[in-house]
Amino acid sequence: AVVSTQSTGDDVSDDNFGTWMYAIIIVGSVIFVISFLGCCGTLLQSNNLLMLYFMLLVLLVFGQIGCGIWAYFIRQKISSDLQTGLDNAVVEYNNTKSNPEMTRVKEAVDSLQTMFQCCGSNGRADYTGNPPRSCCPITEDDLAHCAPDL
């Protein structure tokens, strides 16, 4: 997760990350309960439980469609929030050289860059000095121009 120490309430921050984490746990628990109702309805051969299961599944599908439509309409805000969060993380990454306690940010940025095979928010120019190894191709010959691991 990309973490920012400057929380404005609109960007990706520790507070928002915790909120989303709890929301995902709650949604997962609700889905578990709904699935359990379906299993019980089948085992007990109860038409009432199976009808409740069906209605809850329909509600769940409508909820997912609603969330998809909502995300579509705020996609620009989501994109700008992610861009701001990544910009802040890269700035903090540059500060990890002077503050070794920021290893959490460094690990998160390195992981993102390795996973998505990208470099910074806007390219190698985001980094002061040489870009980190997570920006570089994996071959040893190409690692010569990258910064050593901290």
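# Exercises on side-chain contacts

The sulfur atoms of C119 and C135 lie 2.1 Å apart and form a disulfide. The model is predicted, and the exercises below work through its side-chain contacts.

## Exercise 1: the cysteines

Task: state how many disulfides there are, describe the link of C119 and C135, and explain why C118 is left without a bond.

Solution.

Step 1. A disulfide requires two cysteine sulfur atoms within 2.5 Å. The 2.1 Å between the sulfur atoms of C119 and C135 meets that cut-off. By this rule the count is 1 disulfide.

Step 2. The angle about the S-S bond is 85°, and the link of C119 and C135 is right-handed.

Step 3. Both C119 and C135 lie in the segment after α4, so the disulfide ties together parts that are 16 residues apart in sequence.

Step 4. C119 and C135 are both buried. C118 is partly exposed, at a relative accessible area of 31%.

Step 5. The closest cysteine sulfur to that of C118 belongs to C135, at 7.4 Å, and this is too far for a bond.

## Exercise 2: the salt bridges

Task: find the 2 salt bridges of the structure, and place each partner in its helix and as buried or partly exposed.

Solution.

Step 1. The cut-off is a side-chain nitrogen of Lys or Arg within 4 Å of a carboxyl oxygen of Asp or Glu. The structure holds 2 salt bridges.

Step 2. K77 pairs with D81, with 3.0 Å between the closest N and O atoms. These residues belong to helix α3 (residues 75-95); because they are 4 residues apart there, about one helical turn separates K77 from D81.

Step 3. In this pair K77 is partly exposed, with a relative accessible area of 41%, while D81 is buried at 18%.

Step 4. K106 and D110 form a salt bridge with an N to O distance of 2.8 Å. Helix α4 (residues 103-116) contains both K106 and D110, 4 residues apart, or about one turn of the helix.

Step 5. K106 has a relative accessible area of 15% and is buried. D110 is buried too, at 16%.

## Exercise 3: the aromatic rings

Task: state how many aromatic pairs a search of the whole structure finds, and classify the pair of F32 and F36 and the pair of Y72 and F73.

Solution.

Step 1. The search finds 3 aromatic pairs. One of them joins F32 and F36, with 6.5 Å centre to centre and 20° between the planes. Planes under 30 degrees apart count as stacked, and the pair of F32 and F36 is stacked.

Step 2. F32 and F36 are 4 residues apart in helix α1 (residues 14-43), so about one helical turn separates them. F32 counts as exposed at 58% relative accessibility, and F36 as partly exposed at 49%.

Step 3. Y72 and F73 form a pair with 5.6 Å centre to centre and 75° between the planes. An angle over 60 degrees counts as edge-to-face, and that is the class of the pair of Y72 and F73. F73 counts as exposed, at 64% relative accessibility.

## Exercise 4: a charge over a ring

Task: which residue has its charged end over the ring of Y72, and what is its distance from the ring centre?

Solution.

Step 1. The residue is R75, whose charged end sits over the Y72 ring.

Step 2. The distance from the charged end of R75 to the ring centre is 4.1 Å. The distance cut-off for such a contact is within 6 Å of the ring centre.

Terms used
Residues numbered from 1 in each chain as written. Predicted model: local features only at pLDDT ≥ 70, side-chain atom pairs only at ≥ 80, totals over all residues. Heavy atoms only, no water. Buried < 20%, exposed > 50% of the residue type's maximum accessible area, 1.4 Å probe, protein only. Phe/Tyr/Trp six-rings, centres within 6.5 Å; stacked < 30°, edge-to-face > 60°. Lys NZ or Arg CZ within 6 Å of the ring centre and 35° of its normal.
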